[in-house]
Amino acid sequence: MATSTTAVSSLIESTSVQLGRIRVLKQGIQQFDEPQSSSPKVGPVVYWMFRDQRVRDNWALIHAVDQANRLNVPVAVAFNLFDQFLGAKARQLGFMLRGLQQVHREIEDTLQIPFFLFQGEAIDTIPSFLKECGASLLVTDFSPLRQVRAWKEEITKRVLDCVSIHEVDAHNIVPMWVASNKLEYGARTIRGKINNLLPDYLIEFPTLKTQIKNWDATNRFIDWGTLIENATSKGAEVPEIGWCEPGEVAARETLMGNKNGFLTARLKNYSTDRNNPLKPNGLSGLSPYLHFGQISAQRCALEARKLRKVNPQAVDAFLEELIVRRELSDNFCYYQPHYDSLQGAWEWARVTLVAHALDKREHIYTKEQLEKGQTADPLWNASQLEMVHHGKMHGFMRMYWAKKILEWTSSPQETLEIAIYLNDKYSIDGRDPNGYVGCMWSICGVHDQGWKERPVFGKIRYMNYAGCKRKFDVDGYIAYVKRLVGNTKKRKAETLLDSKVS
Ligand code: FAD
Ligand code: FO1
């Protein structure tokens, strides 16, 4: 037996267009049918998809197909549905599964690539599938979250020696590990690094080649109806949302559809309206799609950049959020193992928060009171209800919302735990590096600076009701959320009635 170093490195070089986007997690050892044989046994390529749930503009899929064609073997896509993924409910699971149903249809019908769906723990299902199909290469996408990294480490240990594993950052425009090899202090320290690399990375995607060798036909029927029904009834406590259609097609429509696409109709007001919670359409509305990988950030940036001549301010502001802030979140979660706890804050922030932990609070609320939106602050309650019933809180309110929890709980660690619990439970885009960093920014000053010291907050940036009143029509927002919640409840009651009648 000989190691396949040469084979692997020539495979990687072959996709030079991907410039360091691929990391080799494991190099398989070649196997031969006969002891004297000079031609190694080469099995199929499997792409384990988890974060980048799309067919178009997907570097991991492009790499998997490319490798399969070079090795003259078939390729398949595998997805593992966990019994429990960080407390996801009907809202998130329904959105994800409906999107995956489209991936399944599209990938099998147009590319003739089989899609396998497994249920259980990926550390069991993926290695056993690789063994069963005799795979020689596993391609995966990338997430900086600890759970995903732990699965990958375990899978790397469990797969047979003959399997190579390639990890592709299909989520970031500049691959996370290329953008920076260390924990960055803030946007100002990573911005230049990313911007300098954009000419190499913000490029058009190559056309996905059809695969040369087809997978042997087997019965791969997936009962999506039952799967979705089971997942959504199990997580019915947080129901699905009706305003945001799942899937790649809807994602593109949100980005650039003729009717109300962000770039087509709404971009021009982005720099002025994006901090006004009364104008949710002032934001792109792309975060659910980006979170589940139903659209590529690179596609969003490529299309936005085309409009820079017409709307330079709006495009620059959007690209700052989409590229710099988003990639900074991945940087934080990857290089800071304590990305969701007080331990992950910088020294100055920990010191100031601890120094003010015993300051007298005007109100202390329990997690249950907060969850029900039962505080003395009608603005905060409105934002909480917007998240609970609508599934997406306006970006500006998210900052105020998290900071107020710091004022009303007895320790910053408890604040973080409550904020993350609520955000992950109710937000359609929760369980995302942006969510953990958003909470850490608001509560622990991550990627921010120290401000004038004051009770409870110490040097953490402060926000209050009066400041919001100066910025936007607070009463208008409260009334808007009241209407939103009323309409959502009405629709829910009608759906319930319809299902009883039929
Ligand atoms: P747009 O303004 O149109 O932005 C486009 C994209 O840029 C977003 O989809 C997102 O990918 C990225 N982006 C925008 N703002 C930020 C930011 N501050 N940091 C990093 N990336 C950003 N974002 C999530 O995706 N999931 C979350 O769970 C989440 N939780 C948050 C919690 C708190 C407490 C805070 C303060 C922020 C949170 N954010 C989260 C970041 C931000 O508020 C949302 O990304 C944004 O509101 C999503 O709406 P949009 O796509 O319409 O925004
Ligand atoms: N990815 C999976 O591979 N399997 C799942 O069952 C799964 C569920 C899930 C539920 C909610 C959610 O927000 C994301 C979910 N993901 C799932 C996607 C995913 O792995 C994450 O978005 C990334 O790891 C985050 O970086």
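This presentation describes the surroundings of two ligands in a predicted model.

Good morning, colleagues. Allow me to begin with ligand 1. Which pocket holds ligand 1? Ligand 1 occupies the largest pocket. Its shell comprises 27 residues, and those that come nearest are Tyr270, Ser284, Gly285, Asn423 and Asp429.

I turn now to the polar contacts of ligand 1. An oxygen atom of this ligand lies 2.7 Å from a backbone N or O atom of Gly285, a residue already named among the nearest. Leu322 also takes part through its backbone: one of its polar backbone atoms is 3.5 Å from an oxygen atom of ligand 1. Glu321, by contrast, uses its side chain, with a polar atom there placed 3.2 Å from a nitrogen atom of the ligand. As for burial, ligand 1 taken alone exposes 830 Å², and the protein buries 91% of that.

Where does this shell come from in terms of secondary structure? Four helices each supply at least two of its residues: helix 12 (287–291), helix 14 (312–335), helix 18 (395–408) and helix 20 (433–444). Which element gives the largest share? That element is helix 14, with 6 residues. Glu321 and Leu322, whose contacts I have just described, fall within the range 312–335 of this helix. Sorted by class, the shell around ligand 1 contains 9 nonpolar, 11 polar and 7 charged residues.

I proceed to ligand 2. Here the shell has 19 residues, and Asn80, Phe82, Ser143, His291 and Arg431 come nearest. Which side chains place an N or O atom by an oxygen atom of ligand 2? Ser143 does so at 2.7 Å, and Arg51 does so at 3.2 Å. Arg431 adds a further contact, in which a polar side-chain atom lies 2.8 Å from an oxygen atom of the ligand. Ser143 and Arg431 are thus listed among the nearest residues and also appear in these polar contacts.

How much of ligand 2 does the protein bury? Taken alone, ligand 2 exposes 520 Å², of which the protein buries 100%. Two elements give two or more residues to its shell, namely strand 5 (75–81) and helix 3 (90–111). Asn80, one of the nearest residues, lies within the range of strand 5. By class, the shell around ligand 2 consists of 11 nonpolar, 6 polar and 2 charged residues.

To close, I set the two burial values side by side: the protein buries 91% of the area of ligand 1 and 100% of that of ligand 2. Thank you for your attention.

Notes:
Residues numbered from 1 in each chain as written. Chains lettered and ligands numbered in written order. Predicted model: local features only at pLDDT ≥ 70, side-chain atom pairs only at ≥ 80, totals over all residues. Heavy atoms only, no water. Near = heavy atom within 4 Å. Polar contact = N/O pair within 3.5 Å; in protein donor to acceptor, adjacent residues only side chain to side chain. Areas by Shrake-Rupley, 256 points an atom, 1.4 Å probe, with all protein chains shown as cover. 1 Å grid on protein atoms, 1.4 Å probe; cavity = no way out; pocket = protein on both sides within 12 Å on 5 of 7 lines; lining within 4 Å. Sits in = over half its atoms within 2 Å of the grid points. Nonpolar A, V, L, I, M, F, W, Y, C, P; charged D, E, K, R; others polar.
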